[in-house]
Amino acid sequence: MTARGGKLWMFYAGGYNNDPQQIGVAVSDDGLAWRRVSDRPLLPNGPPGSWNSSESGHPGVFNDTDGTTYLFYQGNNDKGRTWYLSRVRLTWREDGTPAVAP
């Protein structure tokens, strides 16, 4: 979770146990009531045969001292028998919502 623009942003894994797992985002003004930012995942699992075809999950957010936001996550392509760790840089749109940087 991170705070930005007077709101709390929670990055969560949707889809349980590699069915597949994907990362979504919810926002809150008070930390009690949350709403999903989109019906689509922020970070989906990968296509068949890719390193994260079974899962992109277990997200963690890191705000660097230079203002850059990173999303760390776990992926696998074998229904959870192994794990790979990765990260993507997040950008923040004009409306305040996060997006995966190109």
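This report describes the fold, the core and some single residues of a predicted protein model.

The model is predicted: local features need pLDDT of at least 70, side-chain atom pairs count only at pLDDT 80 or more, and totals for chains, interfaces and linings use all residues. Residues are numbered from 1 along each chain as its sequence is written, and side-chain values use heavy atoms, with hydrogens and water left out.

**Overall form**

The protein chain contains eight strands and zero helices. Here helices (H or I, at least four residues) and strands (E, at least two) are DSSP runs, numbered from the N terminus. Read from the N terminus, the order of elements is β-β-β-β-β-β-β-β.

Along the principal axes, the C-alpha atoms fill a box of roughly 40 × 30 × 20 Å. The radius of gyration of the protein chain is 14 Å, which agrees with the value near 13 Å for a compact globule of 102 residues. That radius is taken over C-alpha atoms, and the globule rule is 2.2 Å times the number of residues to the power 0.38.

Of the 102 residues, 37% count as buried. Buried means under 20% relative accessible area, exposed means over 50%, and partly exposed lies in between (1.4 Å probe, protein chains only). The protein chain exposes about 6,300 Å², and carbon and sulfur atoms supply 51% of this area. Accessible areas come from the Shrake-Rupley method with a 1.4 Å probe; for residues, only the protein chains shown count as cover.

Contact means heavy atoms within 4.5 Å. Among contacts between residues at least 6 apart in sequence, 33% join residues at least 24 apart.

The protein chain carries 10 positive and 10 negative side chains, and the centres of the two sets lie 4 Å apart. Lys and Arg count as positive and Asp and Glu as negative, while His and the chain ends are not counted. Each charge is placed at NZ of Lys, CZ of Arg, CG of Asp or CD of Glu.

**The nonpolar core**

A nonpolar core is a set of buried Ala, Val, Leu, Ile, Met, Phe, Trp, Tyr and Cys residues joined through side-chain atoms within 4.5 Å. The largest one has twelve residues: Trp 9, Phe 11, Ile 23, Val 25, Val 27, Leu 42, Leu 43, Leu 71, Tyr 73, Val 88, Leu 90 and Trp 92. E2, E3, E6 and E7 are the elements that give two or more residues to this core. In soluble globular proteins, nonpolar side chains tend to be buried together.

Ile 23 is one of the core residues. Not counting residues up to four places away in sequence, Ile 23 touches Tyr 12, Pro 41, Leu 42, Leu 43, Ser 56, Gly 57, Pro 59, Leu 71 and Tyr 73.

Val 100 is found in strand E8 (residues 98–100). With a relative accessible area of 29%, Val 100 is partly exposed. With the same sequence neighbours left out, Val 100 touches Leu 42, Leu 43, Val 88, Arg 89 and Leu 90.

**Backbone details**

Asp 19 and Pro 20 are joined by a cis peptide bond, with omega about -20°. Pro 20 lies in the loop between strand E2 (7–14) and strand E3 (22–28).

His 58 is not a glycine, yet has a positive phi of about 50°; its place is in strand E5 (residues 55–63). Lys 79 is likewise not a glycine and has a positive phi of about 60°. Lys 79 sits in the loop between strand E6 (69–76) and strand E7 (84–92), and is exposed at a relative accessible area of 57%.

**Loop residues and distances**

Gly 46 belongs to the loop between strand E4 (35–36) and E5. Gly 46 is buried, with a relative accessible area of 12%. Leaving aside neighbours within four places in sequence, Gly 46 is in contact with Asn 52 and Ser 53.

Gly 80 is found in the loop between E6 and E7 and counts as partly exposed, at 22% relative accessibility. Asp 64 lies in the loop between E5 and E6; Asp 64 is partly exposed, with a relative accessible area of 26%.

The table gives separations between C-alpha atoms.

| Pair | Apart in sequence | Apart in space |
|---|---|---|
| Gly 46 and Gln 21 | 25 residues | 10 Å |
| Gly 80 and Ser 54 | 26 residues | 7.5 Å |
| Asp 64 and Asn 52 | twelve residues | 25 Å |
| Val 100 and Tyr 70 | 30 residues | 9.1 Å |
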